[in-house]
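Trainee: Could we take a close look at a single part together? I have the model open and would like to go slowly.

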Amino acid sequence: RGLPLDAFVLFSSFAGSVGSAGQGNYAAANAALDAIAEERRAAGLPGVSIAWGPWAGDGMAGDLGDRHRRGGVRPMDPSVAVTALARTGAAATVVVADIDWERFGPGFTAGRPAPLVSGLYTPPVPQNDTETWALAGMLDLVRRQAAEVLGHGGTELVEPGHAFRDLGFDSLTAVEFRNGLAARTGLKVPATAVFDYPTPAALAAHLHAEATGGAPENPQLSILADLDKVENLISVISPEDDLHAAVRTRLHVMLSKLDKARTTESESATSLRFDAATDDELFSFIHEELGRS
């Protein structure tokens with residue numbers, strides 16, 4: 001404190017100012033650097049903390065490059081970053097980052113109000129009406145958003161019935177996926193969406209119901225979504241667990257009911273055919289089935 005310094009410069013991080021999924025400790029440490037600069041300025045001492053976005057090339061951000069780009073934070077060319085350093089102004093804390101607002105803005109503002117960027121980004125009015133979010137359109141959106149987060153060039157690998165966990169989702173990409181869907185639909189999408197609704201078809205059916213205020217157009221998707229949940233739950237039951245036998249019994253009973261319903265429907269359909277058949281058609285049936293005339 002007693003040295004006659006012209007400058008006291010701290011290199012902080014964008015993560016400390018804005019936050020970054022999976023980097024909680026790192027963000028907190030860099031926020032502490034920002035606080036040091038603010039404290040020095042309040043005491044009349046020189047101090048500035050520069051919260052850098054990721055730099056291009058080698059460095060600690062190299063492995064996170066693709067994820068940063070998908071989130072709208074573009075790695076900066078070092079020469080551009082150094083030029084920006086000379087323009088930081090007189091503030092105690094500044095952020096220097098290359099932001100793609102069309103990508104970063106929707107994700108950052110999807111889950112909560114974001115006054116931090118209110119002067120830089122205005123969220124678009126989400127489309128949230130029945131006609132816009134037909135079930136097929138919602139399924140297409142879910143698949144495109146999943147493909148984008150996973151870094152695929154198209155939706156071919158994101159089939160409606162494939163489980164998200166088998167597609168390569170983890171906790172970070174799940175949150176990124178949720179943010180994108182929430183921004184594009186205007187719906188409150190839970191951060192655990194890929195676990196609560198484990199396939200694109202199941203999630204699309206849920207989002208469609210939320211958007212339209214009713215049941216999905218295709219009730220089969222809802223049934224399949226529930227079966228997906230059951231499948232995920234029973235996959236973790238140990239054969240030695242007492243619950244295993246109980247679940248196995250219930251599943252057999254359910255399967256028996258399903259088969260019985262199918263048999264009953266078939267018999268009902270046959271009965272209706274007989275009631276409407278002519279005498280010639282009845283005799284023809286007896287001849288074909290029993291070999292008699």
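Which side chain does Arg74 meet in a salt bridge?

Mentor: Happy to help! A word on the source comes before the details: this is a predicted model, where local features need pLDDT of at least 70 and side-chain atom pairs count only at pLDDT 80 or more, while totals for chains, interfaces and linings use all residues. Residues are numbered from 1 along each chain as its sequence is written, and side-chain values use heavy atoms, with hydrogens and water left out.

Now to your pair. The side chain of Arg74 meets that of Asp98 in a salt bridge, at 3.0 Å from N to O. The term stands for a side-chain nitrogen of Lys or Arg within 4 Å of a carboxyl oxygen of Asp or Glu. Because Arg74 sits in strand β3 (residues 73–74) and Asp98 in strand β5 (residues 98–99), the contact ties together parts that are 24 residues apart in sequence. Strands here are DSSP runs of E with at least two residues, and helices are runs of H or I with at least four, numbered from the N terminus.

As for exposure, Arg74 is partly exposed at 35% relative accessibility, and Asp98 is partly exposed too, with 29% relative accessible area. Buried would be under 20%, exposed over 50%, and partly exposed is in between (1.4 Å probe, protein chains only).

The structure holds two salt bridges. Besides your pair, Asp140 bridges to Arg144, with the closest N and O atoms 2.8 Å apart. These two are four residues apart in helix α6 (residues 135–150), so about one helical turn separates them. Asp140 is partly exposed at 35% relative accessibility, and Arg144 is partly exposed with a relative accessible area of 43%.
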